[in-house]
Protein chains: 2
Amino acid sequence: MTQDAGALGALFEVLSASEADRVTALYAPLADAVRDLLDATVRTEVDDDTVAQARAAIEAVTQSLRQRTRPVGVSYRVDGRPLPLGNAVVGACNPIAPPLVVHHDGGGRCWADFVLGSAYEGPPKLVHGGVSALVLDHMLGEAASEGLSKARFTGTITVKYLRGTPLGPLRSEAWIDRREGRKVFARGFISDDAGITVESEGVFIEPSWVREGGNGQ
Amino acid sequence: MTQDAGALGALFEVLSASEADRVTALYAPLADAVRDLLDATVRTEVDDDTVAQARAAIEAVTQSLRQRTRPVGVSYRVDGRPLPLGNAVVGACNPIAPPLVVHHDGGGRCWADFVLGSAYEGPPKLVHGGVSALVLDHMLGEAASEGLSKARFTGTITVKYLRGTPLGPLRSEAWIDRREGRKVFARGFISDDAGITVESEGVFIEPSWVREGGNGQ
């Protein structure tokens with residue numbers, strides 16, 4: 001079943017909880033396998049023949065996966081909330097996503113422990129500064145929208161780099177700092193074992209149709 | 001030949017121009033094939049058997065590519081400049097990178113035309129806000145460092161979202177706004193056919209060893 005989301009021109013496919021579990025259990029391990037392939041691809045130094053064989057095998061898999069495809073702009077919803085399987089940061093079925101598993105403590109506070117490998121590199125051995133911004137934009141958005149359950153649009157985010165963030169195990173936390181009318185101010189950070197490496201703050205806007213009692217989400 | 005980069009604890013492998021061309025020509029098409037696989041993976045709806053076969057094939061390729069691997073923290077340099085083949089935004093050999101091909105017009109002005117597909121999605125049909133921040137962090141850094149040729153560390157970046165950025169063909173431009181002592185202020189934007197969707201400004205810091213005439217890069 002699909003629903004037109006109106007303003008965004010996007011379609012939602014509504015899944016039951018058990019159907020959502022089935023879809024995740026089927027496609028998340030496939031995305032995991034592609035994540036390993038990503039890491040291997042960035043760092044490989046194998047010879048020409050091995051590369052040629054790898055390309056041929058990958059192209060065949062791509063073709064097989066494209067036999068049946070979700071159209072662009074269709075995404076899943078479960079129990080009235082988005083199931084962001086393809087999201088670039090938290091999507092279990094998106095190999096680009098680390099993926100972050102975001103835990104919510106209530107009241108807009110959330111955290112995630114995650115690992116960033118070679119595919120997220122900027123300077124040698126360090127996380128690309130933009131990847132830190134990507135993670136923090138998402139985490140502040142999770143805090144401001146209370147786990148994507150409320151419609152909030154990002155207004156502005158500021159990211160302050162205290163020192164280089166090493167590739168490897170990291171943590172991010174985010175929380176709601178304060179509210180002013182339709183604006184929600186969120187803050188957060190990324191840290192390694194030695195402390196905070198990057199800080200961020202952001203302003204998120206509640207759309208007017210939420211205030212007016214609409215349900216456009 | 002490898003060199004110790006000192007402060008970062010990273011190693012550089014120095015390549016001749018022809019060796020750099022050979023490495024890029026060999027591994028960039030492999031990364032392209034994995035990019036197509038990424039896109040197919042995010043959107044596939046094939047059945048259980050096809051997924052199982054795809055996983056097995058992918059795992060075999062991953063194993064073959066890991067027979068010979070560049071150690072973590074080793075990156076290439078050509079003619080004294082970084083060759084960021086594995087960079088998360090511009091790395092031709094990193095499947096996570098779109099990749100952006102950044103053109104420099106001189107004086108710190110640069111631009112890139114690029115396409116973001118389903119793997120970069122946040123809200124349905126829209127680029128993840130954090131991906132826009134990732135792109136802008138990189139573009140402002142390219143402007144501030146004049147094509148990664150000068151050492152500049154990101155201090156702070158601010159990203160302002162004017163409206164949703166649609167998946168598809170996009171453009172980004174960045175330039176140096178002004179300098180104050182060791183600080184370089186850069187600005188930039190992302191645009192679609194209808195105009196600017198996201199704006200950014202950033203402060204980049206010249207390390208003290210550059211001023212002191214060192215060559216720690």
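Here are some notes on the two-chain model above, which is a predicted one.

1. **Symmetry.** A good place to start is how the chains relate. Chain A superposes on chain B through a rotation of 180° with 0.0 Å of shift along the axis, and the RMSD is 0.0 Å. The two copies are thus related as by a two-fold rotation axis. Both copies use the same surface for their contact, since 100% of the contact residues of chain A recur in chain B. If you want to find the axis on screen, look for Thr158(A): among the residues of chain A, its C-alpha comes closest, at 2.1 Å.

2. **The shared sheet.** Next, follow the strands from one chain into the other. They form an open sheet of 12 strands with antiparallel pairing, in the order β5(A)-β6(A)-β8(A)-β9(A)-β10(A)-β7(A)-β7(B)-β10(B)-β9(B)-β8(B)-β6(B)-β5(B). The edges are held by β5 (103–106) of chain A and β5 (103–106) of chain B; each has a single partner strand, so one side of each is left without a neighbour in the sheet. On average, neighbouring strands are turned by 20° against each other, direction ignored.

3. **One strand pair in detail.** Within chain A, β9 (residues 183–192) and β10 (residues 195–205) pair in the antiparallel sense over 10 bridges. To check the register, you can use Arg187(A), whose bridge partner in β10(A) is Glu201(A).

4. **Helices on the sheet.** Helix α3 (residues 129–144) of chain A packs on the sheet, and its direction makes about 50° with that of β10(A). This helix touches β5, β6, β7, β8, β9 and β10 of chain A, and also β7 (153–161) of chain B. The counterpart, helix α3 of chain B, runs at about 50° to β10(B) and lies across strands of chain B together with β7 of chain A.

5. **Two domains in chain A.** Chain A is divided into domain 1 (8–97) and domain 2 (100–213), with C-alpha centres 23 Å apart. Their contact takes 12 residues from domain 1 and 11 residues from domain 2. The area buried between them is about 910 Å², and carbon and sulfur atoms give 62% of that. On the domain 1 side, Arg81(A), Val89(A) and Val90(A) lose the most area to domain 2, together 51% of what that side buries.

6. **Annotation.** Finally, a word from the record: an unreviewed UniProt entry carries the annotation "domain: Thioesterase" over residues 126–195 of chain A. In the model, that span is 23% helix and 47% strand, and its end C-alpha atoms lie 15 Å apart.

How values were computed
Residues numbered from 1 in each chain as written. Chains lettered and ligands numbered in written order. Predicted model: local features only at pLDDT ≥ 70, side-chain atom pairs only at ≥ 80, totals over all residues. Heavy atoms only, no water. Least-squares fit on C-alpha atoms with pLDDT ≥ 70 in both. Contact = heavy atoms within 4.5 Å. UniProt positions renumbered as here; feature names shortened; annotations may be inferred. Helix = DSSP H or I, 4+ residues; strand = E, 2+ residues; numbered from the N terminus. Pairing = 2+ DSSP bridges. Axes fitted to C-alpha atoms, helices over the stretch in contact; angles between N-to-C directions. Domains from an automatic or database assignment. Buried area = accessible area lost by both parts, 1.4 Å probe.
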